[in-house]
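Let's take a walk through this protein together, one region at a time. Have the sequence and the 3D view open as you read.

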Amino acid sequence: MPPSSRLTSSPPAAVSVRRDTLEVWLDDGRRIEVLRMRDPRARRMRLSVSERGARLTLPLRASLAAGEAFVQQHRDWLAAQLAEHGQAPPLRRDLTTHLPLRGALLAVDWQPGRFAHVRADDAHLVFVAPTQAGPAALQRALREFYEAQARADVARWLPGYLPGLPRTPSRIRIRPMSSQWGSLAPDGTLALDLALVLGAPSAFEYVLVHELCHLVHADHSRAFWREVEARCPDWRRARDYFRSEGRRLKGTLHALLTG
């Protein structure tokens, strides 16, 4: 269970939630940011971890010093939970030696250059960046690389699934998604989670098929699943893959692009 510490005070519920961040250094040398929330409904301090990172919830009457001490007291628990949720080390120039792509960890070769960008070179990645490039520039370059790779995969798969569909997607968006892997809007916009390109290509392809089948059936009826089965007979294996690896994939992408 997440650690918590009961306080006896019960503050008024009219005060809004306030947020800031707390910097914490783990024993392995990682610096992480814990989202600190002061919530009028909270009765106790509570530390939790999800794919989005760590969060400390404080009652209004709890001091900042008490909250920081509470986090320090549970650093080992925090590190274990971050590992379980796939919280990878943040992207750091010359320190990040491998990056995930299509179900594999590829070695990274860091090189100086005029602007930050990433390219695939045989079985490894080349990360080019100016020596003065900060974390935001590196994260932006990596996100652009992942988006380009994901779009290349979709462009390769999509033509084979268009026959038999009543229409084509009006637009395809690829972006980080907090909980879903994909969605289809009423206007035909198909959204796919950027984290898909980190995992097994077969699982990524299944999500594409799943959302395309919603062009035929907007619900999850038996007829819908027959459409999925016809186009992706191995869809159950992909579903099991997300159950075992999905949390790690989303956590890893979040750490790399925001850490």
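A charge is said to sit over a ring if NZ of Lys or CZ of Arg is within 6 Å of the ring centre and within 35 degrees of the ring normal. With that in mind, turn to W181: K250 lies over the face of this ring, at 4.2 Å from the ring centre. W181 also has aromatic company, as ring pairs link W181, Y241 and F242 into a cluster. Within this cluster, Y241 and F242 form an edge-to-face pair, with 5.8 Å from centre to centre and 70 degrees between the planes. Y241 is partly exposed, with a relative accessible area of 21%, whereas F242 counts as buried at 12%.

Before going further, let's step back for the overall view. What you are looking at is a predicted model. The protein has six helices and twelve strands, and its C-alpha atoms fill a box of roughly 65 × 50 × 30 Å along the principal axes. Of its 259 residues, 46% count as buried. If you take the contacts with a separation of 6 or more, residues 24 or more positions apart account for 50% of them.

Now back to the aromatic rings, where the count comes to seven aromatic pairs. One of them is formed by W157 and F204, which meet edge-to-face at 5.1 Å centre to centre, with 85 degrees between the planes. This pair links distant parts of the chain: W157 belongs to helix α3 (residues 135-161) and F204 to helix α4 (residues 201-213), 47 residues apart. Are these two rings buried or exposed? W157 counts as buried because its relative accessibility is 11%, and F204 counts as buried too, at 1%.

Next, find helix α2 (residues 75-84), where L78, Q81 and L82 are buried. Seen down the axis of α2, the buried residues fall within an arc of 100 degrees, so they line one face of the helix. The general geometry is familiar: an α-helix has 3.6 residues a turn, so residues three or four places apart point the same way. What does the buried side of α2 pack against? Its buried residues pack against β3 (31-38), β4 (44-50), β5 (53-58) and α1 (64-73). The face turned away from that buried side carries the exposed residues D76 and A83.

Just ahead of this helix, H74 lies in the loop between α1 and α2. H74 counts as buried because its relative accessible area, 18%, is under 20%. Leaving aside neighbours within four places in sequence, H74 is in contact with P3 and L47.

The strands offer two pairings to compare by eye. Strand β6 (residues 98-101) and strand β7 (residues 104-112) run antiparallel and are joined by four bridges. L101 has A104 as its bridge partner in β7. Together β6 and β7 form a hairpin with two residues between them, and R102 in the turn has a positive phi of about 50 degrees.

Strand β10 (residues 171-175) makes the other pairing: five bridges join β10 to strand β12 (residues 189-193), and these two strands run parallel. I174 of β10 finds its bridge partner in L192 of β12. The two faces of β10 are easy to tell apart, with I172 and I174 on the covered face and R171, R173 and R175 on the uncovered one.

A bench biochemist may well ask about the cysteines. How many disulfides does the structure hold? The count is zero. For C213, the nearest cysteine sulfur is that of C232, 8.7 Å away. A disulfide requires the two sulfur atoms to be within 2.5 Å, so this separation does not qualify. C213 is buried, with a relative accessible area of 0%. C232 is likewise in no disulfide, and it counts as buried at 13% relative accessibility.

To finish, look at helix α6 (residues 235-258), which contains R239. R239 is partly exposed, with a relative accessible area of 31%. Trace from there to G53: the two residues are 186 apart along the chain, and their C-alpha atoms are separated by 24 Å.

Definitions and conventions
Residues are numbered from 1 along each chain as its sequence is written. This is a predicted model: local features need pLDDT of at least 70, side-chain atom pairs count only at pLDDT 80 or more; totals for chains, interfaces and linings use all residues. Side-chain values use heavy atoms; hydrogens and water are left out. Rings of Phe, Tyr and Trp (its six-membered ring) pair if their centres lie within 6.5 Å; planes under 30 degrees apart count as stacked, over 60 as edge-to-face and the rest as tilted. Buried means under 20% relative accessible area, exposed over 50%, partly exposed in between (1.4 Å probe, protein chains only). Two strands pair if DSSP finds at least two bridges between them. The arc is that of the directions from the helix axis to the C-beta atoms. Contact means heavy atoms within 4.5 Å.
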